[in-house]
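Grab a pencil and work through these exercises with the structure open beside you. Try each task before you peek at the solution.

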Amino acid sequence: MSQIEINGNPVRYRVDGAADAPVLILSNSLGTTLEMWDTQMPALTPHFRVLRYDTRGHGGSRTTPGEYSAPLLGGDVLALADALDIGTFSYCGLSMGGAIGQWLGLNAGPRLSKLVLCNTAAKIGSVDGWNARIDMVRRDGMAEVASGAIARWFTPEFAAAEPQQVEVVRQQLLGCDPAGYAANCAVVRDADFRGQLGAITAPLLFIAGARDPVTSVADGAAVVAEVRGSRLVVLDAAHLSNIGARAAFDAALLEFLRS
């Protein structure tokens, strides 16, 4: 694990895989850390130089003052790539990471080899809903959020079969700095890419969860309808499809990235 200063902010990151392999950047969901991608590493590292990082305000990346935005976090991705001498890269982001990916697709297209958006939407939730969550976290901390998130992130069957995996993710959420979490909620609250995504030119794969109560298959279909040549894969999973449907997720990701 390493740390580097990006835009004046210490960022925790990790690179795995051969130095001469094509680069794949993985971006975490709201409330998690780069470890949310641990289960993907055996499948990805034989083929890619995988760069994972803690989004600003998460894990080992410092919480900076104020509310955040997709342009701010997208700029962090580009600055991290620049600092590590990475020119072009493929990008895979889930949930909030997918919102960052949409911004990158619209604003940094020449840098992207391929773009994978997972369990996200052009517009996620409502302004009132996000403001209520921000207020709750600022007032009560992370425990209430963590309690509700697990039911949205995993199917009951997966939670019963893999309680240790679920607990790992729950601890990531409980360990999130409430101020950082609230600042990142503003990213998802304010990001609205509806009607703009037709400008994305990078090859795009959208991975949706058939049982995702946060971002629906219909949300994925709406994105794919806007982006020429993109395609949609639906997995039997809830919101964290990379964990809840790991084998199918890995297969879909590799098929797209290696084609």
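## Exercise 1: Who touches Met41?

Find Met41 and list its contacts beyond four places in sequence.

*Solution.* Keep in mind that this is a predicted model. Leave out residues up to four places away, and Met41 touches Asp16, Leu26, Pro46, Val50 and Arg52. Next, place the residue: Met41 belongs to helix α1, which covers residues 41-44. Is Met41 buried or exposed? The cut-off for buried is under 20% relative accessible area. Met41 has 9%, so this residue counts as buried. Finally, look far along the chain: Asp250 is 209 residues away from Met41, yet their C-alpha atoms are separated by 9.5 Å.

## Exercise 2: Lay out the sheet

Write down the strand order of the open sheet and say which strands stand at its edges.

*Solution.* Start with the order: the eight strands run β1-β2-β4-β3-β5-β6-β7-β8, and the pairing is mixed. Now for the ends. β1 (2-6) and β8 (231-235) each have a single partner strand, so one side of each has no neighbour in the sheet. On average, neighbouring strands are turned by 25° against each other, direction ignored.

Then zoom in on one edge. β1 pairs with β2 (residues 9-16) in the antiparallel sense, over five bridges. Ile4 sits opposite Val11 in β2.

## Exercise 3: A strand on the inside

Work out how many residues of β5 are buried, and which strands pair with it in the parallel sense.

*Solution.* Count first: six of the six residues are buried, so β5 is largely enclosed by the rest of the structure. Split them by face: Phe89, Tyr91 and Gly93 lie on one side, with Ser90, Cys92 and Leu94 on the other.

Now the partners. β3 runs parallel to β5, joined by four bridges, and Leu24 stands opposite Ser90. β6 is also parallel to β5, over five bridges, and here Leu94 stands opposite Cys118. To see what lies over these strands, look for helix α11 (residues 246-258): this helix lies across β3, β5, β6, β7 and β8, at about 155° to β6.

## Exercise 4: Check a helix

Compare the expected span of α4 with the distance between its end C-alpha atoms, then find its buried face.

*Solution.* Helix α4 (residues 127-140) has 14 residues, and at 1.5 Å a residue they should span 20 Å. The end C-alpha atoms are 20 Å apart, which agrees. Next, pick out the buried residues: Trp130, Ile134 and Val137. Viewed down the axis they fall within an arc of 70°, so they line one face of the helix. Turned away from that side are the exposed residues Asp128 and Arg139. The cover over the buried residues includes α5 (143-153) and α8 (178-190). After the helix comes Gly141, with a positive phi near 80°.

## Exercise 5: A threonine in a loop

Which polar contact does the side chain of Thr215 make with another side chain?

*Solution.* First locate Thr215: the loop between β7 (204-209) and α9 (217-226) holds this residue. With a relative accessible area of 1%, Thr215 is buried. The side-chain partner is Asp212, at 2.8 Å. A polar side-chain atom of Thr215 also lies 3.1 Å from the backbone oxygen of Asn119. Now list the contacts beyond four places in sequence: Asn119, Thr120, Ala121, Ile124 and His239.

Definitions and conventions:
Residues numbered from 1 in each chain as written. Heavy atoms only, no water. Helix = DSSP H or I, 4+ residues; strand = E, 2+ residues; numbered from the N terminus. Buried < 20%, exposed > 50% of the residue type's maximum accessible area, 1.4 Å probe, protein only. Contact = heavy atoms within 4.5 Å. Polar contact = N/O pair within 3.5 Å; in protein donor to acceptor, adjacent residues only side chain to side chain. Pairing = 2+ DSSP bridges. Axes fitted to C-alpha atoms, helices over the stretch in contact; angles between N-to-C directions. Expected span 1.5 Å × (residues − 1). Arc of directions from axis to C-beta.
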